[in-house]
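Let's take a walk through a protein together. Have a look at the chain below, and then we'll go from one spot in a loop to the overall outline.

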Amino acid sequence: REPREAGIIRRVVLVNFMSHEHVKVDLGPFCNYIVGPNGSGKSAILVAITLALGARAKFTNRAKKISDHIRTGQNQCVIEVQLANEGDDAFRPEFYGEYISIKRTIKKEGSGSGWTISGPKPGSTMKTKAELTAIMDHFNISVENPCVILMQDTSREFLNKASPKKKYEFFLLATQLAQMKKDYDSTAMHINESAVSIKHKNKALSQLETNVDTLFTEKKNASRVDEIDAEIENLRLKAAWCSVRTAEHNLKELAHSRDS
């Protein structure tokens, strides 16, 4: 079996998503076609893929909020997208294994919505959006890029109604210049924040250096106090022995006077 190129979709599973109660779609390693009559849920599969890979509800043009994609009469839906993860371009293959399963649970109410990312290897489970972002960045999947996923409504609007401004925005998205601008602005902001932080820390460092000098002087004085205490104790012992010698001398003189 030839390994699939890392990052391509192997399987899509939908449970209570839009019109689908339960559907599993296995995809081949090359070009895939999903066919069916109008209203059979073809577009729902594409919508599910975009949401599982991190797109916002607004991007799908199908709902105002993410929970609106739940099948009527149900309290939650589950989308699972499996990505191949073999070969030189695999993402953390030692952790995940030959594929990465990205499962998104969407609930109408309460907690529990979110992602579960796992692989066939035991213990290979993550539940953070940051991990999903890292996977998308690694495979260079920009899920809201119209050249990666072009929604039906978006294509219709672009062809029939798009203004020059909208077409330019499309160009920025398609070439990832919009994302580059966001990354550049974010980096510039972090650089400015770091410069401010370094300035404050330099001021604090100056004060800390002064404190260190003061503490060093106090330590030196404290060491001198210990030396003085030791010298006092030594003199006290000498004084005691001097008293003993003086007493012995006095006794000798008394004994000599008596004998005389």
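Two residues are in contact, or touch, when they have heavy atoms within 4.5 Å of each other. Keep in mind that this is a predicted model, where local features need pLDDT of at least 70, side-chain atom pairs count only at pLDDT 80 or more, and totals for chains, interfaces and linings use all residues. Residues are numbered from 1 along each chain as its sequence is written, and side-chain values use heavy atoms, with hydrogens and water left out.

Let's start at Glu144, which sits in the loop that links α4 (129-138) to α5 (152-160). Helices here are DSSP runs of H or I with at least four residues, strands are runs of E with at least two, and both are numbered from the N terminus. Which residues does Glu144 touch, not counting those up to four places away in sequence? They are Ala55, Arg56 and Phe59. Glu144 is also 90 residues along the chain from Gly54, yet their C-alpha atoms are separated by 8.8 Å.

Is Glu144 buried, exposed or partly exposed? Buried means under 20% relative accessible area, exposed means over 50%, and partly exposed is in between (1.4 Å probe, protein chains only). Glu144 has 22% relative accessibility, so it counts as partly exposed.

Gly54 itself comes just after α1 and has a positive phi of about 110°. Helix α1 covers residues 42-52, and eight of its eleven residues are buried. Among them are Ile45, Val47 and Leu51.

Helix α1 also leads us into the largest nonpolar core. Such a core is a set of buried Ala, Val, Leu, Ile, Met, Phe, Trp, Tyr and Cys residues joined through side-chain atoms within 4.5 Å. This one has 37 residues, and Phe17, Ile79, Ile102 and Ile135 touch the most other members. With seven residues, α1 gives the most to this core. Take Ile79: leaving aside neighbours within four places in sequence, its contacts include Phe17, Ala48, Leu51 and Ile102. In soluble globular proteins, nonpolar side chains tend to be buried together.

Now zoom out. The protein has seven helices and six strands. Its radius of gyration, taken over C-alpha atoms, is 39 Å. The globule rule (2.2 Å times the number of residues to the power 0.38) gives 18 Å for 260 residues, so the protein is more spread out than a compact globule. Along its principal axes, the C-alpha trace spans about 145 × 45 × 40 Å. Of the 260 residues, 27% count as buried.
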